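Good morning, colleagues. Please take a moment to look at the sequence and the structure on the screen before I begin.

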Amino acid sequence: MITNLSYNNFYIFRQKLINYSRRFKIPYEDMEEIVNDSILKALDHFDNDRGSFESLCRVIIKNKIFNFTRDNAYMYLLVLIDENE
């Protein structure tokens, strides 16, 4: 019973973070990977005195998405060029 309840809570929490990440317009598979990595990183660095776990996850997600878009900007440019030709 507790395991099922915990799974449901985690699933709802993860879906909230995925919905938050959707505003950044990156592919869904990459978004899922970033959210999962961010949750794991937040578990390592979480300190209850410094704020909520969800806010830490959101900050990590935002930074990872910015890094992702910066690192993959040329890939998207090549896709756009290829579609035009």
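**A network of salt bridges**

Lys 16, Glu 54 and Arg 58 are joined to one another in a network of salt bridges. I should say at the outset that the model we are looking at is a predicted one.

Let me take the members of this network in turn. Side chains of opposite charge can pair when their charged atoms come close. Lys 16 pairs with Glu 54, and the closest N and O atoms of this salt bridge are 3.4 Å apart. The pair connects distant parts of the chain, since Lys 16 belongs to helix α1 and Glu 54 to helix α3, 38 residues apart. Glu 54 also forms a salt bridge with Arg 58, where the closest N and O atoms are 3.1 Å apart. How far apart are Glu 54 and Arg 58 along helix α3? They are 4 residues apart in that helix, and therefore about one helical turn separates them.

Are Lys 16 and Arg 58 buried or exposed? Lys 16 has a relative accessible area of 40%, so it is partly exposed. Arg 58 is partly exposed as well, because its relative accessible area is 28%, and the range for that class runs from 20% to 50%.

The count for the model comes to 4 salt bridges. Another of them is formed by the side chains of Arg 70 and Asp 71, at 3.2 Å from N to O. Both Arg 70 and Asp 71 are exposed.

Let me now step back to the chain as a whole. It contains 4 helices and 0 strands, and along the sequence its pattern reads α-α-α-α. Of the 85 residues in the chain, 24% are buried.

I turn next to the packing of two of these helices. Two packed helices are described by the angle between their axes and the distance between the axes. Helix α2 covers residues 28-45 and helix α3 covers residues 53-71; they pack at an angle of about 130°, with their axes 8 Å apart. That angle makes α2 oblique to α3. The crossing in which α2 passes α3 is right-handed.

One residue of helix α2 deserves a mention here, namely Leu 43. Its relative accessible area is 55%, so Leu 43 counts as exposed. From C-alpha to C-alpha, Leu 43 and Leu 56 are 9.4 Å apart in space, while 13 residues separate them in sequence.

Between α1 and α2 there is a loop, and Lys 25 lies in it. What is notable about the backbone of this residue? Lys 25 is not a glycine, and yet its phi is positive, at about 55°. Lys 25 is also exposed, because its relative accessibility is 72%, over the 50% that the class requires.

Finally, I would draw your attention to the surface. Which residues form a nonpolar patch there? They are Tyr 7, Tyr 11 and Ile 12, and together they have about 350 Å² of accessible area. Tyr 7 sits in helix α1, which spans residues 2-21. With a relative accessibility of 52%, Tyr 7 counts as exposed.

To close, I return to the starting point: the network of Lys 16, Glu 54 and Arg 58, in which the pair of Lys 16 and Glu 54 links helix α1 with helix α3. Thank you for your attention.

Terms used
Residues numbered from 1 in each chain as written. Predicted model: local features only at pLDDT ≥ 70, side-chain atom pairs only at ≥ 80, totals over all residues. Heavy atoms only, no water. Patch = residues over 30% accessible without salt bridge, like charges linked within 9 Å, V, L, I, M, F, W, Y side chains within 5 Å. Areas by Shrake-Rupley, 256 points an atom, 1.4 Å probe, with all protein chains shown as cover. Helix = DSSP H or I, 4+ residues; strand = E, 2+ residues; numbered from the N terminus. Buried < 20%, exposed > 50% of the residue type's maximum accessible area, 1.4 Å probe, protein only. Axes fitted to C-alpha atoms, helices over the stretch in contact; angles between N-to-C directions. Parallel < 35°, antiparallel > 145°, perpendicular 65-115°, else oblique. Left-handed = near helix turned anticlockwise from the far one by under 90°.
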